[in-house]
Amino acid sequence: MFRRDYLVRLIEDMSQMIAKVFSLKQERKHTEALWELDDLFKREFRLNSQLLRSLSASDIEQLFRNHGYLEADKLQSAARLMEEEASILLELEREEEAALLYTKVFQLYLKAALQGADPKLLNLPERIHIVRERLKSYALPDTAARDYYAYAEQQGMYAEAENILYQLLDHRAIEYNEALQFYQRLQLKSPEELVNGGLPLEEVREGMDELHRRFQHSEEDGGEQSIRQD
């Protein structure tokens, strides 16, 4: 109950702050807007925005672990403030800084989603979609792409998951067996689920054929399978 009350109060404070920041942005008072966000970071998370900008997404995630447990809802809340900060940097035409911060936000949202964050707290799927659109013209780091691949499959976005899967394969950031298991999991889905996910059964089979075509198999060392990409 205490945790839920804390989160409700946090979201109320964030909503008021984001409304205030929006108003300041409308008045072109970007520096004041950044100060307001920094103040909320310090008050709610005992962190400051400058520190968060200097850390990697993985390091930020560790700050929200308590005895090994990820406080996923607090993480998505902090990421929401970071997203607002990135939007201000974009308006200030500090595009490179904004893109780097949006990338961290994307990774943190995904990590929160994959670790059981309440999707309704901040409308997390919508936030992920918005930030993904912001980053359309940028290449995702492989670590972010892997999480997005897992998230897309989790959400039933099978065509999107497949697209990311082949990007990871091109970067040699995912193993053949893991890719094969993706298609095997899809074959267990109903035809309706696959169609809704943008990847009908016929295309699943075509994807598996393409995967086999990319890789050649040879049995070595008493049955161990070695994989070579063409």
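This report describes the overall build, one buried contact region and the charged pairs of the protein shown above.

The structure is a predicted model, in which local features need pLDDT of at least 70 and side-chain atom pairs count only at pLDDT 80 or more, while totals for chains, interfaces and linings use all residues. Residues are numbered from 1 along each chain as its sequence is written, and side-chain values use heavy atoms, with hydrogens and water left out.

**Overall build**

The protein contains 12 helices and 4 strands, where helices (H or I, at least four residues) and strands (E, at least two) are DSSP runs numbered from the N terminus. Its C-alpha trace spans about 65 × 40 × 35 Å along the principal axes. Of the 230 residues, 45% count as buried; here buried means under 20% relative accessible area, exposed means over 50%, and partly exposed lies in between (1.4 Å probe, protein chains only). With a contact defined as heavy atoms within 4.5 Å, residues 24 or more positions apart account for 62% of the contacts that have a separation of 6 or more. About 12800 Å² of the protein is exposed, and carbon and sulfur atoms supply 47% of that area, as computed by the Shrake-Rupley method with a 1.4 Å probe.

**A buried contact region**

Ile-164 is placed in helix α9 (residues 158–170), and this residue counts as buried because its relative accessibility is 2%. Not counting residues up to four places away in sequence, Ile-164 touches Arg-132, Ala-145, Tyr-148 and Tyr-149. Arg-132, for its part, lies in helix α7 (residues 124–134) and, leaving aside its neighbours within four places in sequence, is in contact with Phe-106, Leu-140, Tyr-148, Glu-160 and Ile-164. Although Arg-132 is buried, this residue has no salt bridge, and the nearest side chain of opposite charge, that of Glu-160, is 4.3 Å away. A salt bridge is taken here as a side-chain nitrogen of Lys or Arg within 4 Å of a carboxyl oxygen of Asp or Glu.

**Charged pairs and surface charge**

Side chains of opposite charge can pair when their charged atoms come close. A search of the whole structure finds 21 salt bridges, including the three in the table.

| Positive residue | Negative residue | N to O distance |
|---|---|---|
| Lys-29 | Glu-27 | 3.2 Å |
| Lys-111 | Asp-147 | 3.4 Å |
| Arg-214 | Glu-210 | 3.4 Å |

The salt bridge between Lys-111 and Asp-147 links distant parts of the chain, with Lys-111 in helix α6 (residues 95–114) and Asp-147 in helix α8 (residues 142–154), 36 residues apart. Asp-147 counts as buried because its relative accessibility is 15%. Lys-29 is partly exposed, with a relative accessible area of 36%, and Glu-27 is also partly exposed, at 43%. Arg-214 and Glu-210 both lie in helix α12, 4 residues apart, which is about one turn of the helix; Arg-214 is buried, with a relative accessible area of 17%, whereas Glu-210 is partly exposed at 26%. In addition, salt bridges that share partners join Lys-25, Arg-80, Glu-83, Glu-84 and Arg-127 into one network.

Helix α12 (residues 201–214) also holds Asp-209, which together with Glu-202, Glu-203 and Glu-206 forms a negative surface patch. Such patches are made of residues with over 30% relative accessible area and no salt bridge, like charges being joined within 9 Å and nonpolar side chains (Val, Leu, Ile, Met, Phe, Trp, Tyr) within 5 Å.

Conventions: Lys and Arg count as positive and Asp and Glu as negative; His and the chain ends are not counted. The place of a charge is taken as NZ of Lys, CZ of Arg, CG of Asp or CD of Glu.
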